[in-house]
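Q: I am a first-year student and would like a close look at one part of this protein, namely its largest nonpolar core. Please set that part in the context of the rest of the chain, and take the reasoning slowly.

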Amino acid sequence: MKITVLGTGEVCRLLAPAFLSLGHEVVVGTRDPETTMARNHAYRVLATRHPQLRPASFPAAVDAAERSGLVVNALSGPACPDALAPLAEGLTGHVVMDVSSPYDWSRPDAVLDPVNTDSLGEAIQRALPGSYVVKTLNTLAAQVMPEPDAVGPDHTVFLSGDDETAKARVGDLLRALGWRDVLDPGGHRHRPRHRDDAAHVDRRLASTGHPPLRIQDRPLRRPSRTPVPGSPGHPAPAGARCPGPGGPGGSAEEAASRPRGRART
Ligand SMILES: NC(=O)c1ccc[n+]([C@@H]2O[C@H](COP(=O)([O-])OP(=O)(O)OC[C@H]3O[C@@H](n4cnc5c(N)ncnc54)[C@H](OP(=O)(O)O)[C@@H]3O)[C@@H](O)[C@H]2O)c1
């Protein structure tokens, strides 16, 4: 299919060649193609290696997009709503895979903005009312996005969006990249906010050299009124194991063999 990537940063430079290697046609959009080729050394190296990735302007890249394909938003987070709004008409009817994170790097310590009461994914969907925005991959370092095995075989990637067909198309692409556990917690509203938080935690851990987190997607159970021995709410006997990544009383291996409880695309 045809994949249009908006942005020439690290995410584009890693995803675009991965899409090419899967056999997709890729068009890249940037603010000013000449400036990008002159000043963005890393992108120029990529476009020299893959001449088909020579960038177009944002409007030209959107014009070239096909509704049967995908548009990837890989623009700087704070710039996204204002940069995308003028492209809204051209992006009507398109599936937009949004990987952006709402980091405000203009502050001394990068902060998420918006956060809690809004999310960048929702703001982008408002800026593109005719598009089918699907948020995904933003909880991961760019290097991991096209190479899930870099962090082991049992990691989860989220996607959020309001349109099932759009999520299925993005889910197919994620699986083609090698993601086996594609988790859809459902809907756009409120959901991407938690993804942004997760991205924030992961980034802070990465700066200390900690490996990426395994996401536990099983809901924590509330203690029952009359705890049954061995149940989550029962006081643990002395010497009992702490609940591990597999949930109360379970090992990671046991957890891996249990059926998962939520919808996957
Ligand atoms: N890098 C990571 O590890 C990582 C991980 C998870 C999520 N993300 C998110 O993915 C997105 C892309 O990240 P990145 O690291 O590849 O690149 P980035 O440096 O965050 O963004 C680069 C892109 O943003 C565009 N841009 C910057 N300011 C703009 C403005 N005012 N108007 C329009 N476009 C503007 C640039 O356009 P030009 O091409 O014209 O210069 C460039 O294409 C970001 O939202 C980021 O938060 C990144």
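A: What follows begins with the whole protein, goes into the core, and then turns to the ligand and to some loops.

The model is a predicted one, which should be kept in mind throughout. The protein has 265 residues, of which 46% count as buried, and its chain includes nine helices and ten strands. If we take the contacts between residues with a separation of 6 or more, 71% of them are between residues 24 or more positions apart. The accessible surface comes to about 13600 Å², and carbon and sulfur atoms account for 54% of that surface.

Now to the core itself. The largest nonpolar core holds 38 residues, and the members that touch the most other members are V5, F19, M97, L137 and W179. At least two residues each are supplied by the strands β1 (2–6), β2 (25–30), β4 (70–73), β5 (95–98) and β9, and likewise by the helices α1 (10–21), α3 (41–49) and α7 (164–177). Among these contributors, α1 gives the most, with seven residues. Apart from this core lies another one of 19 residues, including V27, F58, L128 and V133.

F19 is a good residue with which to enter the core, and its place is in helix α1. Its relative accessibility is 0%, and because buried means under 20%, F19 counts as buried. Leaving aside the neighbours within four places in sequence, F19 is in contact with I3, V5, H24, V26, V72, M97, L173 and L177. Two of the names in that list, V5 and M97, also appear among the core members that touch the most others. One partner deserves a second look: F19 and L177 are 158 residues apart in sequence, yet their C-alpha atoms are 8.2 Å apart in space.

V5 can be read in a similar way. When residues up to four places away in sequence are not counted, V5 touches C12, F19, V26, V27, V28, G29, V72 and A74. The contact between V5 and F19 therefore turns up again here, from the side of V5.

L137 is another of the members of the core that touch the most others, and it lies in the loop between β8 (132–136) and β9 (156–161). L137 has a relative accessible area of 1%, so it is buried although it is in a loop. Its backbone has a positive phi of about 65°, although L137 is not a glycine.

A further buried residue, C80, is placed in helix α5 (residues 80–84), and its relative accessibility is 0%. Not counting residues up to four places away in sequence, C80 touches N73, L75, S100, L120 and I124. C80 and S101 are 21 residues apart in sequence, while their C-alpha atoms are 9.5 Å apart.

L75 leads on to the ligand, since the closest of the 22 residues that surround the ligand are T8, E10, V11, T30 and L75. Eleven residues of this shell are nonpolar, nine are polar and two are charged. Oxygen atoms of the ligand also come within reach of polar atoms of the protein: one is 2.6 Å from an N or O atom in the side chain of T8, one is 2.5 Å from an N or O atom in the side chain of T30, and one is 2.9 Å from a polar backbone atom of S76. On its own the ligand has 880 Å² of accessible area, and the protein covers 76% of it.

The loop between β7 and α6 makes a useful last stop. P114 lies in this loop, between β7 (111–112) and α6 (120–127), and the peptide bond that leads from D113 to P114 is cis, with omega near 5°. N116 is found in the loop as well, and, without being a glycine, N116 has a positive phi of about 70°. With 58% relative accessibility, N116 counts as exposed, whereas D118, which also lies in the loop between β7 and α6, counts as buried at 17%. The side chain of D118 is joined to that of R126 by a polar contact of 2.6 Å.

Technical notes
Residues numbered from 1 in each chain as written. Predicted model: local features only at pLDDT ≥ 70, side-chain atom pairs only at ≥ 80, totals over all residues. Heavy atoms only, no water. Helix = DSSP H or I, 4+ residues; strand = E, 2+ residues; numbered from the N terminus. Buried < 20%, exposed > 50% of the residue type's maximum accessible area, 1.4 Å probe, protein only. Near = heavy atom within 4 Å. Polar contact = N/O pair within 3.5 Å; in protein donor to acceptor, adjacent residues only side chain to side chain. Areas by Shrake-Rupley, 256 points an atom, 1.4 Å probe, with all protein chains shown as cover. Nonpolar A, V, L, I, M, F, W, Y, C, P; charged D, E, K, R; others polar. Core = buried A, V, L, I, M, F, W, Y, C linked by side-chain atoms within 4.5 Å. Contact = heavy atoms within 4.5 Å.
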